[in-house]
Amino acid sequence: MNKKIIALRRELHKYPEVSNCEYQTTDRIINFIDEYKPDEVIRLGDKGVLFVFKGAEQGETLMFRCELDALPIQEISGLEYTSVNKGVSHVCGHDGHMAIIVGLAREIANDRPTKGKVILLFQPAEEVEQGACDVLENVNFKNNEPDYLFALHNIPGVKKNRIVLKNGSFASGSKGMTVQLTGKTSHAAEPQDGISPAGAISQIISKLHDLRSDKTLFSDFILLTIIHIQLGEISFGTSPGYAEMRITLRAFENEDLILLTSLCEKIVKDVAKSERLACEISYTEVFPATMNNDVCVGIVEQASKQIGLDVEHIKMPYKWSEDFGYYTEKFNACYFGLGSGTEQPQLHNPDFDFPDDVIETGINLFYTIYKSTFSHD
């Protein structure tokens, strides 16, 4: 295993940056990959970057993507390379994902394509959904769109180096729904003089729970989770006139997420109307389901078996969401799992640390995908 790649991974771990602040991370990656002499280094705004390796002949474009951002979580690992940035840490493993793609750059530099292009995408802001959207809208990306696109995520709880695949939906679509209900405040001794959202909140919760329990409406798994409610102020003399609810909606299939959204909106609006409340609904952190292309899944499976990796086909998609779904809506793509160990702490835990001994597996698999596809003779 290349010690320089491991050292880079640990350096990235030590100096994490949250979504939309990955300036130094991008600079570190650019400085490191410079020695591999890519044909083009294309910035995606002030964060994010494409490294392009070109063949002499025209051909298709193969792209590999990883993420730059860390999480706003205080690390408690006690490692010698633990995060020095208070309240920020790479406890999702994006430092390891970057190290894998950097290692892939080294392999491609030593065995360049003869036709087409190979592009390595380092994407910002995955954790907040915005990153993929920004990339897709960037003119520099639009001028380098892939014919085929691959990415991985480490999966704790799965045996190290096992490859996790699934045709169709690999990870859930999800969105954060914010409901604002506005009535009229009044004295707590005269609540009839106001319009309180309290009754509406109670009704909405009940009806949303009934919706969640109805298995006849949806083609596959759905989930809605009420994550936050704010009603009025902490003032015993005041009957509230304003409330907010925040709900996470989740589904394995994009069609189900659309239907779930519509039904939730109807419940909220109907209750608000009956309670004489003004109602506003907005959404944040919208992730489409990550939908794998069958051909791309086959490419990953064949490459995995070629280098002797254990492959597991899961029956159910993961419940978590990933902004790679924005790419799978537009391109032939495959998102797959790389087992990071049965004893590995779960993603987003404050003691998570990406295992260095799976970096080489990721590099070898991506390189084998590269070698076995159209971009290389």
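Visitor: What does it mean to call both F141 and Y327 buried?

Guide: In this predicted model, F141 and Y327 both fall in the buried class. That class requires under 20% relative accessible area, so each of the two residues lies below that cut-off.

Visitor: Why is the aromatic pair of F141 and Y327 called tilted?

Guide: The whole structure holds 15 aromatic pairs. In the pair formed by F141 and Y327, the ring centres are 6.2 Å apart and the planes meet at 45°. Centres within 6.5 Å qualify as a pair, and planes under 30 degrees apart would be stacked while those over 60 would be edge-to-face. An angle of 45° belongs to neither of those classes, and the pair is therefore tilted.

Visitor: What makes this pair a link between separate parts of the chain?

Guide: F141 belongs to helix α5 (residues 139-142), whereas Y327 belongs to helix α9 (residues 325-328). Because these parts are 186 residues apart in sequence, the pair ties them together. Ring pairs also join F141 and Y327 to F170, Y318, W320, F324, F331 and Y335 in a cluster.

Visitor: How do you know that K175 lies over the face of Y283?

Guide: K175 is 4.9 Å from the ring centre of Y283. The criterion asks for a distance within 6 Å and a position within 35 degrees of the ring normal. K4 likewise lies over the face of F32, at 5.5 Å from the ring centre.

Visitor: How do you know whether the length of α7 agrees with its number of residues?

Guide: Helix α7 (residues 254-274) has 21 residues, which at 1.5 Å a residue should span 30 Å. The C-alpha atoms at its ends are 31 Å apart, so the two values agree.

Visitor: Which residues of α7 are buried, and why are they placed on the same side?

Guide: The buried residues of α7 are N254, D256, L257, L260, T261, C264, I267, V268, V271 and A272. Around the helix axis they cover an arc of only 150°, which puts them on the same side of α7. The other side carries the exposed residues E255, I258, K266 and K273. Among the elements covering the buried residues of α7 are β8 (173-182), α6 (198-213) and β13 (278-287). After α7 comes R276, which has a positive phi near 65°.

Visitor: What makes the buried residues of α6 line one face?

Guide: The buried residues of α6 are A200, I201, I204, L208 and L211. Viewed along the axis of α6, they fall within an arc of 95°, so they line one face of the helix. An α-helix has 3.6 residues a turn, so residues three or four places apart point the same way. On the face of α6 turned away from the buried side are the exposed residues D210 and S213. The buried residues of α6 pack against β8, β10, β12 and α7.

Visitor: Why is β8 described as enclosed or open?

Guide: Of the 10 residues of β8, 8 are buried, so the rest of the structure largely encloses the strand. Strand β8 runs antiparallel to β12, to which 10 bridges join it, and Q180 has E244 as its bridge partner in β12. Strand β8 is also antiparallel to β13, with 8 bridges; there S174 is partnered by F287.

Visitor: What makes β4 count as mostly covered?

Guide: In strand β4 (residues 115-123), 7 of the 9 residues are buried. Strand β2 (residues 49-54) is joined to β4 by 6 bridges in the antiparallel sense, with K117 in β4 as the partner of K54. Strand β3 (residues 57-67) instead pairs with β4 in the parallel sense over 8 bridges, and R65 stands opposite L121.

Visitor: Why does L365 count as buried or exposed?

Guide: L365, in helix α10 (residues 359-372), has a relative accessibility of 1%. The cut-off for burial is under 20%, so L365 counts as buried. Setting aside residues up to four places away in sequence, L365 touches I163, V300, A303, S304, I307, L309 and F336.

Visitor: How do you know how S340 is classed, buried or exposed?

Guide: S340 has a relative accessible area of 1%, which is under 20%, and is therefore buried. S340 lies in the loop between β16 (332-339) and α10. Beyond residues up to four places away in sequence, its contacts are N154, I155, P156, V158, K160 and P355.

Methods. Residues numbered from 1 in each chain as written. Predicted model: local features only at pLDDT ≥ 70, side-chain atom pairs only at ≥ 80, totals over all residues. Heavy atoms only, no water. Helix = DSSP H or I, 4+ residues; strand = E, 2+ residues; numbered from the N terminus. Expected span 1.5 Å × (residues − 1). Buried < 20%, exposed > 50% of the residue type's maximum accessible area, 1.4 Å probe, protein only. Arc of directions from axis to C-beta. Contact = heavy atoms within 4.5 Å. Pairing = 2+ DSSP bridges. Phe/Tyr/Trp six-rings, centres within 6.5 Å; stacked < 30°, edge-to-face > 60°.
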